Amino acid sequence: MGLKTYYEFAEADYNFLRDAYEQGIFSNSCGAIAQNVCEHYMKHVIQEYCTPETETEWHDKESILRTHSLKRLIRYIEDNFSFVFDRSAKTEIQVIDGYYFSTRYPGDDSVELTQEDIGQCMEAMRLCRGQVDRIIELCEKTNDSQ
C-alpha cells in the first residue's frame with residue numbers, strides 16, 4: 001500500500017528512531033531523522049488543513065512545503081492556524097533545527113551528536129508530535145462543526 005501522507009512518513013521514522021534509541025543505537029543520522037520527523041509532522045498539518053484563498057497564499061503554502069526550517073514551519077502554522085505552540089515544545093523543536101544538514105555534511109557547521117543530544121532529539125519529536133496531534137484535533141472539530 002505504501003506511505004501516502006506526511007504524517008505516515010513521520011510516524012514510520014518516529015517509530016524507527018524510537019526503537020533504535022531504546023536499543024542504544026546513537027549516530028549523527030538520528031539528528032537528521034529527528035528533524036525530518038518534525039518537519040513531516042508539521043508539513044502534514046499545512047498540506048491537509050491549510051486552504052489558501054489567494055494566489056499569494058498558494059505560493060506561500062507551496063514555498064513552506066519545500067523548506068527544511070523548523071522555525072519557519074512553526075511560524076507558518078502559528079500565523080495560519082488558531083494555534084500557538086507550547087513554549088517548551090517550540091524550544092525543544094528549535095534546538096534540533098538545522099540537524100538535517102549539520103549532522104550529514106562536513107564543514108564549519110557540522111556537528112557530532114552525543115547520546116544526550118539524541119535524547120533531546122527524541123524529546124523534540126515527541127513534543128512536536130503532540131502539538132501536531134492537538135492541531136489536527138482542533139482542525140477536525142472545526143470541520144465537523146461546519
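These exercises, each with a worked solution, cover helix packing and single residues in a predicted model.

Residues are numbered from 1 along each chain as its sequence is written, and side-chain values use heavy atoms, leaving out hydrogens and water. In this predicted model, local features need pLDDT of at least 70, side-chain atom pairs count only at pLDDT 80 or more, and totals for chains, interfaces and linings use all residues.

**Exercise 1. Describe how α1 and α2 pack.**

Start with the method. Two packed helices are described by the angle between their axes and the distance between the axes. Helices are DSSP runs (H or I, at least four residues), numbered from the N terminus. Axes are lines fitted to C-alpha atoms over the stretch in contact, and angles run from 0 to 180 degrees between N-to-C directions.

Step 1: locate the helices. Helix α1 spans residues 6-22, and helix α2 spans residues 28-49.

Step 2: take the geometry. The two axes come within 8 Å and cross at roughly 155°.

Step 3: classify the angle. Angles under 35 degrees count as roughly parallel, over 145 as roughly antiparallel, 65 to 115 as roughly perpendicular and the rest as oblique. α1 and α2 are therefore roughly antiparallel to each other.

Step 4: give the hand. α1 passes α2 in a left-handed crossing (the near helix is turned anticlockwise from the far one by less than a right angle).

Step 5: list the contact (heavy atoms within 4.5 Å). From α1 come Y6, Y7, F9, A10, E11, D13, Y14, F16 and L17. They meet C30, I33, A34, N36, V37, H40, Y41, K43, H44 and Q47 of α2.

Step 6: sort by class. The contact of α1 with α2 has 12 nonpolar, four polar and three charged residues. Here Ala, Val, Leu, Ile, Met, Phe, Trp, Tyr, Cys and Pro count as nonpolar, Asp, Glu, Lys and Arg as charged, and the others, Gly among them, as polar.

**Exercise 2. Look at E11 and N36 in that contact. Which residues does each one touch?**

Step 1: place them. E11 is found in helix α1, and N36 in helix α2.

Step 2: check burial (under 20% relative accessible area is buried, over 50% exposed, in between partly exposed; 1.4 Å probe, protein chains only). E11 is buried, with a relative accessible area of 18%. N36 counts as buried at 16% relative accessibility.

Step 3: read the contacts, not counting residues up to four places away in sequence. E11 touches Y41 and R129. N36 touches D13 and Y100.

**Exercise 3. How do α2 and α4 pack, parallel or antiparallel?**

Step 1: take the geometry. The α2 and α4 axes are 10 Å apart, at an angle of about 25°.

Step 2: classify. That angle makes α2 roughly parallel to α4.

Step 3: give the hand. The crossing of α2 and α4 is left-handed.

Step 4: list the contact. α2 supplies Q35, C38, E39, M42, K43 and I46, while α4 supplies L70, L73, I74, Y76 and I77. These residues divide into eight nonpolar, one polar and two charged.

**Exercise 4. Describe the crossing of α3 and α4.**

Step 1: locate the helices. Helix α3 covers residues 55-64, and helix α4 covers residues 70-80.

Step 2: take the geometry. Their axes come within 11 Å and cross at roughly 145°. The crossing is left-handed.

Step 3: list the contact. E57, D60, K61, S63 and I64 of α3 make it with R72, L73 and Y76 of α4. By class, the contact of α3 with α4 has three nonpolar, one polar and four charged residues.

**Exercise 5. Which residues of helix α5 are buried?**

Step 1: name them. In α5 (residues 87-95), the buried residues are A89, E92 and I93.

Step 2: find their side. They cover an arc of only 100° around the axis, which puts them on the same side of α5. The arc is that of the directions from the helix axis to the C-beta atoms.

Step 3: follow I93. I93 is buried, with a relative accessible area of 0%. Beyond four places in sequence, I93 touches M42, L70, I74, F85, A124 and C128. I93 and L127 are 34 residues apart in sequence, and their C-alpha atoms are 7.8 Å apart.

**Exercise 6. Is Q131 buried or exposed?**

Step 1: place Q131. Q131 lies in helix α7 (residues 115-145).

Step 2: check burial. Q131 is buried, with a relative accessible area of 4%.

Step 3: read the contacts. Leaving aside neighbours within four places in sequence, Q131 is in contact with F83, V84, F85, D86 and A89.

Notes. Helices (H or I, at least four residues) and strands (E, at least two) are DSSP runs, numbered from the N terminus.
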